[in-house]
Amino acid sequence: MVSLVKWGSIHRNKTPVQSQIDLCEICGKKAKFIDSNGHKHPYCSRSCARNGTGPSPTACVLQGCRATGKPAFANFCTEAHAREGVRLGQVEACELCDIQPRTVGTTCIPCDRLVRTEPRLRELNADGKTFKNLRAQFLSEWESPTDSPSLERIYEIILPRDVRIRHDYYKTSNPSFEEVRSFHSSQCICDLGTKEPVLCNFKSCGICCIVKSCFKSFALVFGQGVYSYRNPALADRFSTSCTSSPYRVLIACDAAVEPAQANVDESAEEESLFVPLADGILPVYIFMYTTKK
């Protein structure tokens, strides 16, 4: 079966990003300074004001525009011209929003700020290729003599950069380990899946607590380490809800495990995957589904 571990970074829905209109025109990271008289300056601090003194030596990157380019807009003169430059193919688009130019590595400034804080969710298009491939894998991996699932919604989990760095370091430190797709679940007490794709703040919500902490915090603790299952039907046994939501919820994970676990005989259906440290497992998708006998 084709692995879907890396597909989330290739196919994404396009969502609008925050406006950069109030960001410092030099560093593009902090808000513009507003003095006691209410006047908004184009810079965030004295250091940026000094760096921005005098005319810029470069013009707006957009072809045909002679206005001054600004670092906050990837050397375009305005946010509108920055987006137009992406649309025309003059510069590469941010790999997350696919709208703004890349200014911080492979992302734009607003997206970089978002992924530095905590995980956030983005719903996949049910008609998109990624959703269909994930659904096919989910249904093929589901093995149950009594229940059959219907996958309704999928949220991609956008993880902070430091979380992915720790996971990569864990894999580098254990070169013989293999990464496999597995499933984990717990009690969900919020209305996830019925409104906007937003994680709740309830400490007793087994799903949102795990995703927000990336397996460092649990609403219910059963011991050290993290257990997950290749067969989503086995993880479904822990998928309970105390809300009126019509969905059951599973977290699809990328787990780095020892070869003995990765290559276990498929007939051992009750075998769970064990990861001793949270850095060894990433929550990558949230699956919302229903089951019928």
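Cys44 is buried, at 15% relative accessible area. The model is predicted, and a search through the whole of the structure turns up zero disulfides. The points below cover the cysteines, the sheet, the helix that lies across the sheet, and the nonpolar cores.

**Cysteines**
- Cys44 counts as buried because its relative accessible area, 15%, is under the 20% cut-off.
- Cys65 takes part in no disulfide. The nearest cysteine sulfur belongs to Cys60 and is 3.8 Å away, whereas a disulfide needs the two sulfur atoms within 2.5 Å.
- Cys65 has a relative accessible area of 16%, so this residue is also buried.
- Cys205 sits in the loop between strand E3 (178–184) and helix H6 (206–213).
- The relative accessibility of Cys205 is 0%, so Cys205 counts as buried.
- Cys205 and Ile189 are 16 residues apart along the chain, and 5.1 Å separates their C-alpha atoms.

**Sheet**
- Five strands make up an open sheet, and their order is E1-E2-E7-E5-E3. The pairing in this sheet is antiparallel.
- Strand E1 (120–123) and strand E3 are the edge strands, and each of them pairs on one side only.
- From one strand to the next, the twist averages 35°.
- Strand E2 (residues 148–158) and strand E7 (residues 281–292) run antiparallel and are joined by eight bridges.
- Ile154 has Phe287, in E7, as its bridge partner.

**Helix H6 on the sheet**
- Helix H6 lies across four strands: E2, E3, E5 (248–257) and E7.
- The direction of H6 is at about 35° to that of E5.

**Nonpolar cores**
- In soluble globular proteins, nonpolar side chains tend to be buried together.
- The largest nonpolar core has 54 residues. Leu192, Ile207, Ile286 and Phe287 touch the most other members of this core.
- Phe287 thus appears twice in this briefing, as the bridge partner of Ile154 and as one of the core residues that touch the most other members.
- Leaving aside residues up to four places away in sequence, Ile207 touches Ser185, Ser186, Gln187, Cys188, Leu192, Val249, Ile251 and Ile286.
- A second core, separate from the largest one, has eight residues, among them Cys60, Phe73, Ala74 and Phe76.
- Cys60 therefore counts as buried, because a nonpolar core is a set of buried residues.

Conventions. Residues are numbered from 1 along each chain as its sequence is written. This is a predicted model: local features need pLDDT of at least 70, side-chain atom pairs count only at pLDDT 80 or more; totals for chains, interfaces and linings use all residues. Side-chain values use heavy atoms; hydrogens and water are left out. Helices (H or I, at least four residues) and strands (E, at least two) are DSSP runs, numbered from the N terminus. Buried means under 20% relative accessible area, exposed over 50%, partly exposed in between (1.4 Å probe, protein chains only). A nonpolar core is a set of buried Ala, Val, Leu, Ile, Met, Phe, Trp, Tyr and Cys residues joined through side-chain atoms within 4.5 Å. Contact means heavy atoms within 4.5 Å. Two strands pair if DSSP finds at least two bridges between them. Axes are lines fitted to C-alpha atoms, for helices over the stretch in contact, and angles run from 0 to 180 degrees between N-to-C directions.
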